Amino acid sequence: MTAVHNIGDDVLPLINCFTGAKVFLGDNQKWLGTIQTGASKKYVKIPTFDGQLNAIVRITANPLPGGSAAYRKTALFSVYRYTDAAGGAATDYIAKTLLSQAPAGTAPAIDIDLALDTVTGGGSGGSVPNRYVIVAVPESWTKLDIVVE
């Protein structure tokens, strides 16, 4: 399946995890559904297929809402999911690489937390072909925008 150049509504996800097909996503806007809240985090769920993900994630937010309402910072990350062997068993992992961000000043720099399947799911687990990568930030952040390409 190929999903390219779609504009969502920031409410319903464009696609969920499923088995049996290759999925190619590109240039889709507002396709992850609503930003969810739980475990003191705000987060989105990125569906992955066939055990892999390599996405560019842009976070824009006010990371210090107790300071000025005008604070606004942006950071860009490469987020990836991969499978490797750990003690002979195939294991899924997630990782991130910071690509760019506004420096810390009065308001802190932007950072993200990653997890598998749920906001408290941890950063590795037994290999499953189709699962979610969770991208999360502190629940206190305001003016939050999360874009995944």
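Which strand holds T60? T60 is found in strand β5, which covers residues 53-62. Please keep in mind that this is a predicted model. The tour below starts at T60, moves through the nonpolar cores and the tyrosine rings, and ends in a loop.

**T60 and its surroundings**
- T60 has a relative accessible area of 10%, so it is buried, given that the cut-off for this class is under 20%.
- The side chain of T60 makes a polar contact with the side chain of T74, at 3.0 Å.
- Leaving aside residues up to four places away in sequence, T60 touches R72, K73 and T74, and also K143, L144 and D145.

**The nonpolar cores**
- The largest nonpolar core has 22 residues, and those touching the most other members are V57, I59, V79, I110, I112, V135 and I146.
- Two or more residues of this core come from each of these elements: β4 (41-47), β5, β6, β8 (113-116), β10 (132-138) and β11 (142-148).
- Strand β5, which also holds T60, gives this core its largest share, with 5 residues.
- I59 is a good residue to click on: its contacts include I110, I112, V135 and I146, not counting residues up to four places away in sequence.
- I59 also touches K73, T74, A75, V137, W141, L144 and D145, with the same sequence neighbours left out.
- Another core, of 5 residues, lies apart from the largest one, and among its members are Y43, Y132, I134 and A136.
- Y132 has a charged partner too: K45 lies over the face of the Y132 ring, at 4.4 Å from the ring centre.

**The tyrosine rings**
- How many aromatic pairs does the model contain? The count comes to 2.
- One of them joins Y80 and Y82, whose ring centres are 6.5 Å apart; their planes stand at 35 degrees, so this pair is tilted.
- The rings of Y82 and Y93 have centres 5.4 Å apart and planes at 20 degrees, so this pair is stacked, the cut-off being under 30 degrees.
- The pair of Y82 and Y93 links distant parts of the chain, with Y82 in strand β6 (residues 73-86) and Y93 in strand β7 (residues 89-101), 11 residues apart.
- Through these ring pairs, Y80, Y82 and Y93 are linked into a cluster.
- Are the rings of this cluster on buried or exposed residues? Y80 counts as partly exposed at 26% relative accessibility, as does Y82 at 36% and Y93 at 21%.

**The loop between β3 and β4**
- A39 lies in the loop between β3 (36-38) and β4, and S40 has its place in that loop as well.
- A39 has a positive phi of about 55 degrees, although it is not a glycine.
- S40 is not a glycine either, yet its phi is positive too, at about 65 degrees.
- With a relative accessibility of 49%, A39 counts as partly exposed.
- S40 has a relative accessible area of 53%, so it is exposed, because the cut-off for that class is over 50%.

Conventions:
Residues are numbered from 1 along each chain as its sequence is written. This is a predicted model: local features need pLDDT of at least 70, side-chain atom pairs count only at pLDDT 80 or more; totals for chains, interfaces and linings use all residues. Side-chain values use heavy atoms; hydrogens and water are left out. Helices (H or I, at least four residues) and strands (E, at least two) are DSSP runs, numbered from the N terminus. Buried means under 20% relative accessible area, exposed over 50%, partly exposed in between (1.4 Å probe, protein chains only). A polar contact is a pair of N or O atoms within 3.5 Å; within protein, one must be able to donate a hydrogen and the other to accept it, and residues adjacent in sequence count only if both atoms are side-chain atoms. Contact means heavy atoms within 4.5 Å. Rings of Phe, Tyr and Trp (its six-membered ring) pair if their centres lie within 6.5 Å; planes under 30 degrees apart count as stacked, over 60 as edge-to-face and the rest as tilted. A charge sits over a ring if NZ of Lys or CZ of Arg is within 6 Å of the ring centre and within 35 degrees of the ring normal. A nonpolar core is a set of buried Ala, Val, Leu, Ile, Met, Phe, Trp, Tyr and Cys residues joined through side-chain atoms within 4.5 Å.
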